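Me: I am new to reading backbone geometry, and I would like to learn how to look at unusual torsion angles one at a time. Could you take me through them with a case to look at?

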Amino acid sequence: MCRLLGFAAPSPRSLAAALGSTQVAAFRAMARLHDDGWGAAWLEGGGADDDAVHTRRSPRSGYGDPALEQLTDGLQARAGLLHLRLASSGMPVQPENTHPFVGRVTGRGDVALAHNGAVKPAARLEELLAPASRAALAGSTDSERYAALVRERAAAAGGDLARGAAAAAAELAPLFPASSLNAVLLSARELVVVHVSAGARIPHEDFDASGIAEEELPVGHRTGYYQLWRRRSEDGAVVVSSSGLRVDGWEPLPADVVLRVDLRTLEEQRLPVPVTRGASAEAAPAAPRVLPGARHESQGSAARAMV
């Protein structure tokens, strides 16, 4: 269970400039609860398809980390993603388990993926991977295995990252009906956002164990933890965030959809994900919609296992 942020802009800028310094500070503050590491991926150039996907990952908490502050406030990028980790039970906090996970897709080059959710058991997910993908795994997380499956499905779709992500989500949702498959992906050509989490359970016990006062929890955590939000600026810049920010004027992304942002044109495309859910998913309460301005909760370091 983590926090996700992605953006794409017509020209390089800092995340603080793309989102606003107050909102960026609020996102960084969520590392008080999501304190099991942080990571980022970004593109620095002016739009060439061969631009490198740069990454930085730290297994340390981002709360009060000057390196995270420098990255969000000073780094100039035309697109990027940011991830704050709240480790799932049984998953160690160590560099190889820290998001985003990066691998190559023929026709797309390097692809970074950051995930918010828990797909358990991870061993069952790993069984879906080709031998080469399994051999390349470095850590123990379900998220790394999910990223590998997305890359495989994208390769099978001729390098189409958004269609590969939609295919992977459609495949996994009925097998893991209580899981969130929410993710942000970045390649040199596109920013892709997956919003498939209708059966996921909000981790209230983690919030309770964090020691953070109820009124200090981030906005929307109790009521819409897995909701994703989108905002488009007048110059075409697009920002997508998980809950925790003030979202007045933002649009909630609909369930079971993949959003693709073309980094050359900033044109957006939405691909429906044909999800078939079993009875257990239908019986599980869907994540409530987060209302703009509603408060939610946060957690911190507690006696919980790591993701």
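Me: Is Leu 266 buried or exposed?

Reply: In this predicted model, Leu 266 has a relative accessible area of 6%, and because buried means under 20%, Leu 266 counts as buried. Leu 266 sits in the loop between E12 and strand E13 (268–272).

Me: What is the phi of Leu 266, and how should I read the value?

Reply: The general idea is that most residues other than glycine have a negative phi. In this structure, Leu 266 has a phi near 65 degrees, which is a positive value in a residue other than glycine.

Me: Where does Asp 256 lie, and what is its phi?

Reply: Asp 256 lies in the loop between strand E11 (251–252) and strand E12 (257–262), and its phi, near 55 degrees, is again positive in a residue other than glycine. With a relative accessibility of 18%, Asp 256 counts as buried.

Me: Which peptide bond is found between His 99 and Pro 100, cis or trans?

Reply: As a general guide, most peptide bonds are trans. Here, however, the bond from His 99 to Pro 100 is cis, with omega near -5 degrees, and Pro 100 belongs to the loop between strand E4 (77–85) and strand E5 (101–105).

Me: What is the omega of the bond that joins Lys 120 and Pro 121?

Reply: Omega is about 0 degrees for the bond joining Lys 120 and Pro 121, and this peptide bond is cis. Pro 121 is placed in the loop between strand E6 (109–116) and helix H4 (122–126).

Methods:
Residues numbered from 1 in each chain as written. Predicted model: local features only at pLDDT ≥ 70, side-chain atom pairs only at ≥ 80, totals over all residues. Heavy atoms only, no water. Helix = DSSP H or I, 4+ residues; strand = E, 2+ residues; numbered from the N terminus. Buried < 20%, exposed > 50% of the residue type's maximum accessible area, 1.4 Å probe, protein only.
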